[in-house]
Amino acid sequence: IQAGYDRLRARTCAARGEADEAERYLGAARDHLRRIPKRDVEWETLMAEGRARLALGQPHKAARALGDAARVALHPIEHHTTRYWRARAFEALGQAAESLVQYDQVIRDGFATWMRSRALEAVGRLRNPPPPLVSSPG
């Protein structure tokens, strides 16, 4: 229960912009993982780190953590969730092509989730960006 709490607090602190607190809770979650090294706990910890790093505006670190999470994901919903957050990280990095690959897979996974709905929106936005704004003279 404590590890789950630490992961959730890390994400919550990150969402509030409290980087030091997020780091503290991520460290506690990693300490728990070292004490009890289980694949599912590793995936959950890496996902929490990736999402926290994304919220903190650290897309390179987020992409790295989420890439590690993709390597340990086992179940289809874990793959689905990981792909969605990796797409978000790639989008934050300005890597639209890689983001589209991940979003497309989220859509093809066939799960009726909010992530699929948001992936559909993102694909539409990335494939059909609005025209550039033209400033009027004067």
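This is a short tour of a predicted model, with suggestions for what to select at each stop.

Residues are numbered from 1 along each chain as its sequence is written. Because this is a prediction, local features need pLDDT of at least 70 and side-chain atom pairs count only at pLDDT 80 or more, while totals for chains, interfaces and linings use all residues; side-chain values use heavy atoms, with hydrogens and water left out.

**Stop 1: helix α3**

Select residues 39-55, which make up α3. Helices here are DSSP runs (H or I, at least four residues), numbered from the N terminus. At 1.5 Å a residue, the 17 residues of α3 should span 24 Å, and its end C-alpha atoms are indeed 24 Å apart; the expected span is 1.5 Å times one less than the number of residues. Just after α3 comes glycine 57, with a positive phi near 75 degrees.

Now colour the buried residues of α3, among them Trp43, Met47, Glu49 and Arg53. Buried means under 20% relative accessible area, exposed over 50%, and partly exposed in between (1.4 Å probe, protein chains only). Their cover includes α1 (2-15), α2 (19-35), α4 and α5.

**Stop 2: a salt-bridge network**

Stay on α3 and show the side chain of glutamate 49, which is buried at 16% relative accessible area. Which residues are linked with Glu49 in a network of salt bridges? They are Glu23, Arg30 and Arg53. A salt bridge is a side-chain nitrogen of Lys or Arg within 4 Å of a carboxyl oxygen of Asp or Glu.

Glutamate 49 pairs with arginine 30, their closest N and O atoms being 3.6 Å apart. This pair ties together α3 and α2, in parts 19 residues apart in sequence. Glutamate 49 also meets arginine 53, at 3.3 Å from N to O; being four residues apart in α3, these two are separated by about one helical turn.

**Stop 3: the largest nonpolar core**

Next, select Trp43, Met47, Tyr84, Trp85, Ala89 and Tyr103, which touch the most other members of the 22-residue largest nonpolar core. Such a core is a set of buried Ala, Val, Leu, Ile, Met, Phe, Trp, Tyr and Cys residues joined through side-chain atoms within 4.5 Å. The helix giving the most to this core is α4, with five residues.

Zoom in on methionine 47: beyond its neighbours within four places in sequence, its contacts (heavy atoms within 4.5 Å) are Leu66, Ala69, Thr81, Thr82 and Trp85.

**Stop 4: around arginine 83**

Finally, show aspartate 109 and arginine 83, whose side chains form a salt bridge (2.8 Å, N to O).
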